[in-house]
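Open your viewer, load the model and keep the selection box ready. We will walk through it one stop at a time.

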Amino acid sequence: MELDERKKKILQAVIRTYLETGEPVGSRTISKYTDLNLSSATIRNEMADLEEMGYILQPHTSAGRIPSDQGYRLYVDTMLEEKEREVVEMKEMLVQRQDRMEILLKQVARVLAQNTQYATMVSAPQIKRNKLKFIQLSRVDAGQLLAVIVVEGNVIKNHILPVDEELEDETLLKLNILLNTFLNGLSINEINLEMISVMKQQAGIHSDIVSEVIDAVAEAIRAEEDLEVYTSGANNIFRYPELADHQKASELINTFEEKKLLGELLQDAVPEGGSTGIQVYIGSETQVKSMEDCSVVTATYELGGGMKGTIGIVGPKRMDYDKVVGTLRTIQTQLDELYHDK
């Protein structure tokens with residue numbers, strides 16, 4: 001008898017429902033949770049076939065079914081592989097995209113510096129990541145597990161978990177299903193103590209693994225990467241007498257070289273509420289001491305999918321504001337069109 005796609009989906013629903021409830025699963029329950037639009041009678045027939053094939057068991061007469069070891073094995077060998085392929089493809093896509101983005105933003109900083117004759121800075125886009133997409137636990141060796149955590153924006157975090165003993169494939173499978181059943185699509189604020197307690201209870205002797213994974217998820221969702229900042233035209237500072245004083249110029253050049261303060265400035269410049277408007281900081285309004293004799297004009301660009309970054313132009317207080325604002329608006333539009341044309 002062939003295990004077709006419909007039987008695979010019904011088996012998957014049985015496994016997930018059984019893990020969630022701990023009770024044998026009936027055809028009526030499956031009809032509510034699958035996208036097959038099948039009657040309970042048809043699902044009963046399919047479940048009877050799955051039982052005959054050895055993928056599910058009926059522990060008691062007139063009771064629902066539970067997964068067999070063979071059913072769990074099929075899930076490990078096939079369904080979980082799809083997630084692994086998705087992670088690999090996603091990593092490759094993100095690496096290619098990041099390389100192209102870095103080249104583009106370096107070029108933007110260089111062109112802006114040439115066109116305005118001021119110093120420029122561009123922050124790499126930061127991705128809003130406040131919800132979990134999925135988790136995958138896999139064995140590294142007898143004493144370690146690898147938790148692959150994917151959050152919104154397809155940001156991938158890897159976390160190594162120490163374990164006291166090597167876990168069987170079936171145990172890993174059950175932990176993967178447990179974690180994804182409860183946590184997928186949730187923000188960190190939606191993961192409450194009651195939910196964690198239920199998960200740890202279902203995990204039994206492996207409850208400590210659940211605790212460590214939840215800690216890793218929280219870290220992945222909340223973590224802020226070091227902001228990458230691309231700069232150009234710092235030497236343009238010497239074109240303006242009020243900035244060319246040796247000590248002032250040295251401090252300003254150091255700020256551009258170290259970039260930490262620039263990153264903080266650009267992050268603070270992202271407006272609340274999703275606005276991408278132009279902002280102007282004059283003198284001490286930037287809170288960066290080396291820029292107290294400068295003006296900074298910033299604009300936030302948005303590439304979709306929650307990805308936002310900031311462009312900044314630094315010059316004397318007597319800078320050509322009309323030209324700078326017009327140039328920034330043009331760059332905003334070009335980045336938006338470039339992204340959406342792809």
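Here is a tour that begins with the whole chain and then visits helices, loops and a strand.

**Before you start**

This is a predicted model, in which local features need pLDDT of at least 70, side-chain atom pairs count only at pLDDT 80 or more, and totals for chains, interfaces and linings use all residues. Residues are numbered from 1 along each chain as its sequence is written, and side-chain values use heavy atoms, with hydrogens and water left out.

**Stop 1: the whole chain**

Show the chain as a cartoon. You will find 10 helices and 11 strands; helices (H or I, at least four residues) and strands (E, at least two) are DSSP runs, numbered from the N terminus. Of the 342 residues, 44% count as buried. Here buried means under 20% relative accessible area, exposed over 50%, and partly exposed in between, using a 1.4 Å probe and protein chains only.

Now colour by pLDDT, the predictor's confidence in each residue, from 0 to 100. The chain has a mean of 81, and 84% of its residues reach 70 or more. Which elements have the lowest and the highest mean pLDDT? Select residues 126–127 for the lowest, strand β4 at 62, and residues 56–57 for the highest, strand β1 at 92.

**Stop 2: helix α1 and its partners**

Select residues 5–21, which include T17 and form helix α1. T17 is buried, with a relative accessible area of 11%. Show its surroundings: leaving aside neighbours within four places in sequence, T17 is in contact with G22, V25, T29 and I30. Contact means heavy atoms within 4.5 Å.

Next, add residues 40–52, helix α3. Two packed helices are described by the angle between their axes and the distance between the axes. The axes of α1 and α3 come within 10 Å and cross at roughly 90 degrees. Axes are lines fitted to C-alpha atoms, for helices over the stretch in contact, and angles run from 0 to 180 degrees between N-to-C directions. The two helices, α1 and α3, are therefore roughly perpendicular; angles of 65 to 115 degrees count as such, under 35 as roughly parallel, over 145 as roughly antiparallel and the rest as oblique.

Show side chains for R6, K7, I10, L11 and V14 of α1 and for T42, I43, E46, M47, D49 and L50 of α3, which make the contact. The residues of this contact of α1 with α3 divide into 6 nonpolar, 1 polar and 4 charged. Ala, Val, Leu, Ile, Met, Phe, Trp, Tyr, Cys and Pro count as nonpolar, Asp, Glu, Lys and Arg as charged, and the others, Gly among them, as polar.

Swap α3 for residues 169–183, helix α5, whose axis lies 10 Å from that of α1 at an angle of about 80 degrees. Again, α1 and α5 are roughly perpendicular to each other. Look for I15, R16, L19 and E20 in α1 meeting K174, I177, L178 and T181 in α5. The contact of α1 with α5 has 4 nonpolar, 1 polar and 3 charged residues.

**Stop 3: two helices with a buried side**

Select α6, residues 193–203, and pick out its buried residues M195, I196, M199 and A203. Look down the axis of α6: these residues fall within an arc of 95 degrees, so they line one face of the helix. The arc is that of the directions from the helix axis to the C-beta atoms. On the face of α6 turned away from the buried side are the exposed L193, E194 and Q201.

Move on to α9, residues 260–268, where L262, G263, L265 and L266 are buried. They cover an arc of only 165 degrees, which puts them on the same side of α9. Exposed K260 and D268 sit on the face of α9 turned away from its buried side.

**Stop 4: loops and a strand**

Find N236 in the loop between β8 (229–232) and α8 (246–258). Is N236 buried or exposed? At 14% relative accessibility, N236 counts as buried. Not counting residues up to four places away in sequence, N236 touches A113, Q117, Y118 and A119.

Click on Q117, in the loop between α4 (69–116) and β3 (119–123). Q117 is partly exposed at 26% and has a positive phi of about 65 degrees although it is not a glycine. Most residues other than glycine have a negative phi.

Finally, select Q279 in strand β9. Its C-alpha lies 8.2 Å from that of V296, 17 residues away in sequence.
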